[in-house]
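Please look over the model below. The report follows it directly.

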Amino acid sequence: MSGASGPASDSLELAALLCSRVCHDLISPVGAIVNGLEVLDDNPKPEDKEFALDLIRKSAKTASARLQFCRLAFGAAGSAGAQIDLGDAQTMARGHIEDGKITIAWNLPRLLLPKNRVKLLLNMMVIAQQTIPRGGTLTVDPVGEGETFGFRVTANGLNARLPQNIADLLASGELVANDAHSVQPYYTRLLAQACGLKVTLAADGDAMVVTAA
C-alpha cells in the first residue's frame, strides 16, 4: 500500500481507507436528511413540507440499509469465529444494492458460513455492481461445496464494462491502494486469501463475472 513502511503502517492505512469507504457510502443519504430538515426549519408550504418529509424518510431508510451492509461487509460483525446466515446476508445485500436499477437473483442455499466468507461475497457483489453502471441483474451462484465453497456473481446489464483497474487490483500480488475506491477490491482480495480462495473479475460474453474459487 502507498506510503507503507511496515505491517503497522499497512494496517493503519487499511483501516483509514476502509473508514473513508464507509463515509463515502453514507455521506449522500445523510446529507439529504440534513437538507430535508433545513427545508422543514424554513416553515415551508404544505407541499414543500411533504416533499421534505418524504426525502427524510427515503434517505433515512437508505442510510440504515447502507450502515447494516457496511457493518457486515467491512466491519467485525461478531466474534473472530462467528458464522453468518446467508439469508441475513441476502437481506442486507438487497437493501443496499437493489435500487430500482439493479435486481438480485440469489441462488445460494440458506446456511451458516464463516463470517469472512460472507464478507467476501458481499464485497464481490459491490464489485459486480460497478460493472453495470446503467443497471441490470446480479446473479449469485455457489461454486463448489464444503471447505471449498465459493461464489460466482454474474452481472448482466446494458453496456456492461470491465473496469481494468479493479480486475488488476484483484489479481495483483502487489498494488497501491490509495483511496476509498481502490481499497475495496484490495480488501476483497485479502478476504479471498483468508478463505483460501482466489477472486477474479473477467468478461464472459456480454456479462461480467466475479468468481471466488
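## A buried aspartate and its partners

Asp85 is buried, with a relative accessible area of 18%. That value falls under the 20% cut-off for buried residues. The model is a predicted one. Asp85 forms a salt bridge with Arg110, and the closest N and O atoms are 3.0 Å apart. The pair links distant parts of the chain: Asp85 sits in strand E1 (residues 83-85), Arg110 in the loop between E2 and strand E3 (112-114), 25 residues apart. Arg110 itself counts as exposed, at 63% relative accessibility.

Arg110 also meets the side chain of Asp88 in a salt bridge (3.9 Å, N to O). Asp88 lies in helix H3 and Arg110 in the loop between E2 and E3, so this pair ties together parts that are 22 residues apart in sequence. Asp88 counts as partly exposed, at 38% relative accessibility. Asp85, Asp88 and Arg110 are thus linked in a network of salt bridges.

## A salt bridge within a helix

The whole structure holds 6 salt bridges. One of them joins Lys58 and Asp54, with the closest N and O atoms 3.3 Å apart. Where do these two residues lie with respect to each other in helix H2 (residues 46-74)? They are 4 residues apart, which means a separation of about one helical turn. An α-helix has 3.6 residues a turn, so residues three or four places apart point the same way.

Lys58 is exposed, with a relative accessible area of 52%. Asp54 counts as partly exposed, at 30% relative accessibility.

## The sheet

An open sheet of 5 strands runs in the order E2-E4-E5-E7-E6, with mixed pairing. Strand E2 (102-106) and strand E6 (199-204) stand at the edges. Each has a single partner strand, so one side of each is left without a neighbour in the sheet. Neighbouring strands are turned by 20° against each other on average, direction ignored.

At one edge, E2 pairs with E4 in the parallel sense over 5 bridges. Here Trp106 stands opposite Val140 in E4. At the other edge, E6 and strand E7 (residues 207-212) pair in the antiparallel sense over 6 bridges. Thr200 stands opposite Thr211 in E7.

## Strand E4 and its hairpin

E4 is mostly covered: 6 of its 8 residues are buried. E4 pairs with strand E5 (residues 150-157) in the antiparallel sense over 8 bridges. In this pairing, Val140 stands opposite Val153 in E5. Val140 therefore has a residue opposite it in each of two strands: Trp106 in E2 and Val153 in E5.

E4 and E5 form a hairpin with 6 residues between them. Gly144 in the turn has a positive phi of about 75°.

## Helix H3 on the sheet

Helix H3 (residues 86-97) packs on the sheet, touching E2 and strand E4 (136-143). Its direction makes about 165° with that of E2. The length of H3 agrees with expectation: at 1.5 Å a residue, its 12 residues should span 16 Å, and its end C-alpha atoms are 16 Å apart.

Which residues of H3 are buried? They are Leu86, Gly87, Ala89, Ala93, His96 and Ile97. The cover over them includes H2, E1, E2, E3, H4 and E4. Asp88, also in H3, is partly exposed and belongs to the salt-bridge network with Asp85 and Arg110.

## Helix H5: one buried side

The buried residues of helix H5 (residues 164-171) are Ile166, Ala167, Leu169 and Leu170. Why do they lie on the same side of H5? They cover an arc of only 160° around the axis, which puts them there. The face turned away from that buried side carries the exposed residues Asn165 and Ala171.

What covers the buried residues of H5? The cover includes helix H4 (115-129), helix H6 (183-194) and E6. Two of these elements appear elsewhere in this report. H4 also helps cover the buried residues of H3. E6 is an edge strand of the sheet.

Conventions: Residues numbered from 1 in each chain as written. Predicted model: local features only at pLDDT ≥ 70, side-chain atom pairs only at ≥ 80, totals over all residues. Heavy atoms only, no water. Pairing = 2+ DSSP bridges. Axes fitted to C-alpha atoms, helices over the stretch in contact; angles between N-to-C directions. Contact = heavy atoms within 4.5 Å. Salt bridge = Lys/Arg side-chain N within 4 Å of Asp/Glu carboxyl O. Buried < 20%, exposed > 50% of the residue type's maximum accessible area, 1.4 Å probe, protein only. Arc of directions from axis to C-beta. Expected span 1.5 Å × (residues − 1).
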